[in-house]
Amino acid sequence: MFDKAFADHFATDWIDSWNNHDLHRILSHYTDDFEMSSPVIIEVTGEPSGTLKGKEKVGAYWAKALRMMPDLHFELITALVGVDSITLYYKGVRGPSAEVFHFNQRGLVAKAYAHYALNL
C-alpha cells in the first residue's frame, strides 16, 4: 500500500507532465509493457477493445492525442490511495475524469484505466 506522500508526488508529477505535454516524462511513470485502457483509445486509434499494451503503442496514441488537443490541461482534484493502486480524480478537457493506476513493486505503473463523466 502506498502512503499519502507517494500518492501526492505521483499525482503532482503526472499532472505536470501532461500539462507540459512532455511525452517522455509522461511515459517515465510506466513499465515498458504497461497496459492502458480508455474509451478515448477507441476514438483516437480505432482499437475496438479500448486497450493498448506497451510504451511504443501507448506512446504513439498519446502523441496523436496531444497533437489533436493542443490546449490539453488537467487540474487535480484529489489523489485516492488503494492497495498497490492510486486513483487520480481531475478536471480534464472532457470534464470530470478519473484514472486508476496499478503499480508494480518498483513503483511504476503496470496497468491504467481512464474514466470520463461525459459520453464520448
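Me: Which residues lie nearest the centre of the largest cavity?
Reply: Happy to start there, keeping in mind that this is a predicted model. The structure holds one cavity of 30 Å³ or more, and the lining of the largest cavity is made up of 19 residues. Those that lie nearest its centre are Tyr-61, Leu-72, Phe-74, Glu-99 and Tyr-116.

Me: Thanks! What volume does the largest cavity have?
Reply: The cut-off for counting a cavity here is 30 Å³ or more, and one cavity meets it. The volume of the largest cavity comes to about 210 Å³.

Me: Which element gives the most to the lining of the largest cavity?
Reply: Several elements take part: helix H1 (4-19), strand E1 (30-37), helix H4 (55-68), strand E4 (85-92) and strand E5 (95-103) each supply at least two lining residues. With three residues, the element that gives the most is H4.

Me: And how many residues of that lining are nonpolar, polar and charged?
Reply: Good thing to ask before placing a probe molecule there. The lining has 19 residues in total. Sorted by class, two are charged, three are polar and the nonpolar ones number 14.

Me: Let's turn to the core. Which element supplies the largest share of the largest nonpolar core?
Reply: This core has 33 residues, and Trp-14, Tyr-30, Trp-62, Leu-88 and Phe-101 touch the most other members. At least two core residues come from each of H1, helix H2 (23-27), E1, helix H3 (39-45), H4, E4, E5 and strand E6 (109-116). The largest share, six residues, comes from H1.

Me: Which residues does Trp-62 touch, not counting residues up to four places away in sequence?
Reply: Trp-62 is one of the core residues that touch the most other members. Leaving out residues up to four places away in sequence, its partners are Trp-18, Leu-23, Ile-26, Leu-27, Tyr-30, Phe-34 and Met-36.

Me: What pattern does the protein chain follow along the sequence?
Reply: The secondary structure comes to four helices and six strands. Read along the sequence, their order is α-α-β-α-β-α-β-β-β-β.

Me: Why is the protein chain said to be as compact as a globular protein of that length?
Reply: For 120 residues the globule rule gives 14 Å, and the radius of gyration of the chain is close to that, so the chain is as compact as a globular protein of that length. Its C-alpha atoms fill a box of roughly 35 × 30 × 25 Å along the principal axes. The radius of gyration itself is 13 Å.

Me: Last one: what percentage of the residues count as buried?
Reply: A residue counts as buried under 20% relative accessible area. Of the 120 residues of the protein chain, the share that meets this is 42%.

Terms used. Residues are numbered from 1 along each chain as its sequence is written. This is a predicted model: local features need pLDDT of at least 70, side-chain atom pairs count only at pLDDT 80 or more; totals for chains, interfaces and linings use all residues. Side-chain values use heavy atoms; hydrogens and water are left out. On a 1 Å grid over the protein atoms alone, a cavity is a set of points where a 1.4 Å probe fits but cannot get out, and a pocket is an open set with protein on both sides within 12 Å along at least five of seven lines; lining residues have an atom within 4 Å of a point. Grid points are joined across faces, edges and corners, and a volume is the space filled by probe spheres set on the points. Ala, Val, Leu, Ile, Met, Phe, Trp, Tyr, Cys and Pro count as nonpolar, Asp, Glu, Lys and Arg as charged, and the others, Gly among them, as polar. A nonpolar core is a set of buried Ala, Val, Leu, Ile, Met, Phe, Trp, Tyr and Cys residues joined through side-chain atoms within 4.5 Å. Buried means under 20% relative accessible area, exposed over 50%, partly exposed in between (1.4 Å probe, protein chains only). Contact means heavy atoms within 4.5 Å. The radius of gyration is taken over C-alpha atoms; the globule rule is 2.2 Å times the number of residues to the power 0.38.
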